[in-house]
Amino acid sequence: MKKGKFPGFLLLGTAGVLLVSCGKLGGAKWAADENSIYVTKDLQIQSAMVFTAPEANELYSRDELAAEAGEWIRDYNVAKGAEAAWENTDGKAKLPVALKSCSLEGQTGKLIFDYGSPSDFVGFAEETGDTTHTVTALQTGAASLVLASGGSGGNFMAPDGSTVEAGELVKEGYQAVAVEGAGVVFIQGRLVAVSTGVNAVLDEHTVKTGEGMNYIIFK
C-alpha cells in the first residue's frame, strides 16, 4: 500500500498546525515557534517538525512516532543509494537524512532531522509532501562561490536596512545560503546581509525568504 504524505502522521487524530522549528544545538538559540531551516556555522543543515494538537494525543507513543518517521527516512536513504538506516552512526558516512531526536509530550510531537546535504532537505521534503515551506533549491558555501554560481550581482541589505554592494560580501570567512522559495532560515552565525528580495529580517539570526531566489550572507 502506498503511504500517505509524511506530515499526516503528525495529526495525532486531531486538527492543528504543523511547524518546522528547532532546538538548542550550540551557538545561537534556534526558536521553536515557526517553520524554519537551521544552518550551522559549518554549513550543516537541520530542521524539525513540531505539531501541537488542540486535544490530548491518544494514538501515538513516542516510539511509534519515531518508527513512522524512520520508515520514511529509510526509504529515502535507500533510494539515494545509502544503507537502510534512519540514524547516523559514529564512524560511518553521514546518511542523506537522519532522525536526530524525537519527542512526544502531551499534545506536542517533535522531530529533528539532520541532512547529508542541502539538496537532501529539498528532496526529502518533496518525497514526503512537506508543505510547511515552498523551498525548491538550497545551497550553502563560501559567499564568493555561492554568489558567483548564482550570478547575483544586485544590491544587498545589511540588518539595519542600509545598502550593501555584492562585491563587499566576498570576503574570506563570509558564508552564504541561497534559498529558492519561501521559508524561514535560522543561521547559527551572525547575519551580515540579505538580498533585496528577502521578505524580512526577523533578527540577527533569522530571515524570512520570499518566492524566487534569496541570498543570505553570514559569518
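# A guided tour of the chain

Start inside. The largest nonpolar core has 33 residues. Select Val39, Phe113, Phe121, Phe124, Leu138 and Ile216: these have the most contacts inside this core. Now add residues 62-79, which form helix H1. Six residues of H1 belong to the core, and no other element gives more. Apart from this core lies another, of 15 residues. To find that second core, select Ala143, Leu147, Leu169 and Ala193, which are among its members. Nonpolar side chains tend to be buried together in soluble globular proteins.

**Step back to the whole chain**

This is a predicted model, so color it by confidence before going on. The average pLDDT of the chain is 84, and 82% of the residues score at least 70. Select residues 17-20 next. This is strand S1, where confidence is lowest, at a mean of 38. Strand S6 has the highest confidence, at 97. Widen the selection around S1 to residues 11-27. Here pLDDT stays under 50, although the model has 66 contacts beyond four places in sequence for residues 11-27.

Switch to a cartoon view. The chain shows three helices and 14 strands. Of its 219 residues, 48% are buried. Take the contacts between residues at least 6 apart in sequence: 63% of them join residues at least 24 apart.

**The six-stranded sheet**

Select strands S6, S9, S14, S11, S7 and S8. They make an open sheet of six strands, in the order S6-S9-S14-S11-S7-S8, and the pairing is antiparallel. Go to the edges: S6 (137-142) and S8 (163-165) each pair on one side only. Look along the sheet for its twist, which averages 25 degrees from one strand to the next.

Now zoom in on one pair. Strand S9 covers residues 175-180, and strand S14 covers residues 213-218. Six bridges join these antiparallel strands. Show Ala178, and Tyr215 of S14 stands opposite.

**The helix across the sheet**

Select residues 143-150, helix H3. H3 lies across S6, S7 (155-157), S9 and S14, and runs at about 135 degrees to S6. Which residues of H3 are buried? Show Ala143, Val146 and Leu147. They sit on the same side of H3, because they cover an arc of only 95 degrees around the axis. Strands S6, S7, S9 and S14 are included in what covers these buried residues. Turn the view to the face of H3 directed away from the buried side. Exposed Leu145 and Ala148 are there.

**A hairpin**

Select residues 97-105 and 108-115. These are strands S4 and S5, which run antiparallel and are joined by eight bridges. Show Cys102, with Leu111 of S5 opposite. Move to the turn. Two residues lie between the strands of this hairpin, and Gly106 takes a positive phi near 60 degrees.

**Last stop: Leu43**

Go to the loop between strand S2 (37-39) and strand S3 (45-52), where Leu43 lies. What is the phi of Leu43? The angle is near 70 degrees, a positive value in a residue other than glycine. Is Leu43 buried or exposed? Leu43 is buried, because its relative accessible area is 17%, under the 20% cut-off.

Conventions
Residues numbered from 1 in each chain as written. Predicted model: local features only at pLDDT ≥ 70, side-chain atom pairs only at ≥ 80, totals over all residues. Heavy atoms only, no water. Core = buried A, V, L, I, M, F, W, Y, C linked by side-chain atoms within 4.5 Å. Buried < 20%, exposed > 50% of the residue type's maximum accessible area, 1.4 Å probe, protein only. Helix = DSSP H or I, 4+ residues; strand = E, 2+ residues; numbered from the N terminus. Pairing = 2+ DSSP bridges. Axes fitted to C-alpha atoms, helices over the stretch in contact; angles between N-to-C directions. Contact = heavy atoms within 4.5 Å. Arc of directions from axis to C-beta. pLDDT = per-residue confidence, 0-100.
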